[in-house]
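Reader: Hi! I'd like a close look at just one part of this protein, the second largest pocket. Could you walk me through what lines it and then show me where it fits in the whole picture?

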Amino acid sequence: MELGMVGLGKMGRNMVTRLLTGGHRLVVHDLNAEVVQAVAAQGGIAAESAVDLAEKLQAPRAVWVMVPAGKPTEGVIALLAEALKPGDIIIDGGNSNYKDSMRRGEWLQQKGIHFVDVGTSGGIWGLTEGYSMMVGGPKAAVDHIRPVLETLAPAPEQGWGHVGPIGSGHFVKMVHNGIEYGMMQAFAEGFDIMQAKTEFELDLHQIAEIWRVGSVIRSWMLDLTALALKADPTLADIKPWVADSGEGRWTVFEAIDHDVPAPVITLSLMMRFVSRDEDSYAAKLLAALRNQFGGHAVLRKE
């Protein structure tokens, strides 16, 4: 299939590599010209602008946007809306707020342009493991881009699905990230307790490896915990400062709006705020886990 891709950050480049390997024709654009040329060397087609990208695609065009949520996404979609024609498709694969996606979808619909919101999970591991994708939008548009979704997913029929109308993909991804907050916090607290039990001289990396096989709590998050502890069991060079990218907050807001009790997710968000004021092993492990699955930067001690 032919696809345009705007945004060649770390995840965007990995997605492009997976798609090119899968035999898709890609026209790519990014503000960083060097990155565009690097992708062109892989077999992608370089575009100098959104207009140039649209001109190099055949109708009906499909363009995947992979830029930071908020103003960057808003700006790119506005540019594409001017460059594309009725019947074309814009896909937002970033972490946009689902309410923004609903608004953008309605606006684009007035122009005859289809909109698909794809909540994408997989981080820096998606290149080799595939991406989990929660897809919202009109069925015809989703069916059109199905070959792309099947290539990016762990398997053609696994790890992705059309979950509902416009906005639903980013809504489900928002809740996914809220759950992720709670899982990370539980692992961080458990290992913090064991780290504090100095009389046993526990090897935390060894324990993570034991739990990875056969235990009730075995998971990819535990795999990443083991990787982080193998690299630095004491986490001595990591500052206990844990960022939040927004989805956890939005999940808590949604729980409040719908009178749904979500104490674990809410408290895990609060603990990220606490991490910015005190030194704790648990916060260091949270920071290390974010780096493991998403490549998010950690603050290092000087």
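Author: Sixteen is the number to keep in mind here: the second largest pocket has 16 lining residues, and those nearest its centre are V6, H29, L31, V67 and V76. Keep in mind that you're looking at a predicted model. Helix α4, residues 71-83, gives the largest share of this lining, with 4 residues. Sort the lining by class and you get 10 nonpolar residues, 5 polar ones and 1 charged. As for volume, this pocket comes to about 250 Å³.

Now for the other pocket. The largest one holds about 1000 Å³ of space. It is lined by 41 residues, and M11, N95, T120, G123 and K173 are the closest to its centre. Several elements give two or more residues to that lining, among them α1 (10-21), β6 (114-121) and α14 (281-294). The largest share there, 6 residues, is from α9. By class, the lining of the largest pocket splits into 15 nonpolar, 18 polar and 8 charged residues.

Zooming out, the chain has 14 helices and 8 strands. Its radius of gyration is 21 Å, close to the 19 Å the globule rule gives for 302 residues, so the chain is as compact as a globular protein of that length. The C-alpha trace spans about 70 × 45 × 40 Å along its principal axes. Of the 302 residues, 49% are buried. And if you take contacts between residues at least 6 apart in sequence, 69% of them join residues at least 24 apart.

Key
Residues numbered from 1 in each chain as written. Predicted model: local features only at pLDDT ≥ 70, side-chain atom pairs only at ≥ 80, totals over all residues. Heavy atoms only, no water. 1 Å grid on protein atoms, 1.4 Å probe; cavity = no way out; pocket = protein on both sides within 12 Å on 5 of 7 lines; lining within 4 Å. Points joined across faces, edges and corners; volume = space filled by probe spheres on them. Nonpolar A, V, L, I, M, F, W, Y, C, P; charged D, E, K, R; others polar. Rg over C-alpha atoms; globule rule 2.2 N^0.38 Å. Buried < 20%, exposed > 50% of the residue type's maximum accessible area, 1.4 Å probe, protein only. Contact = heavy atoms within 4.5 Å.
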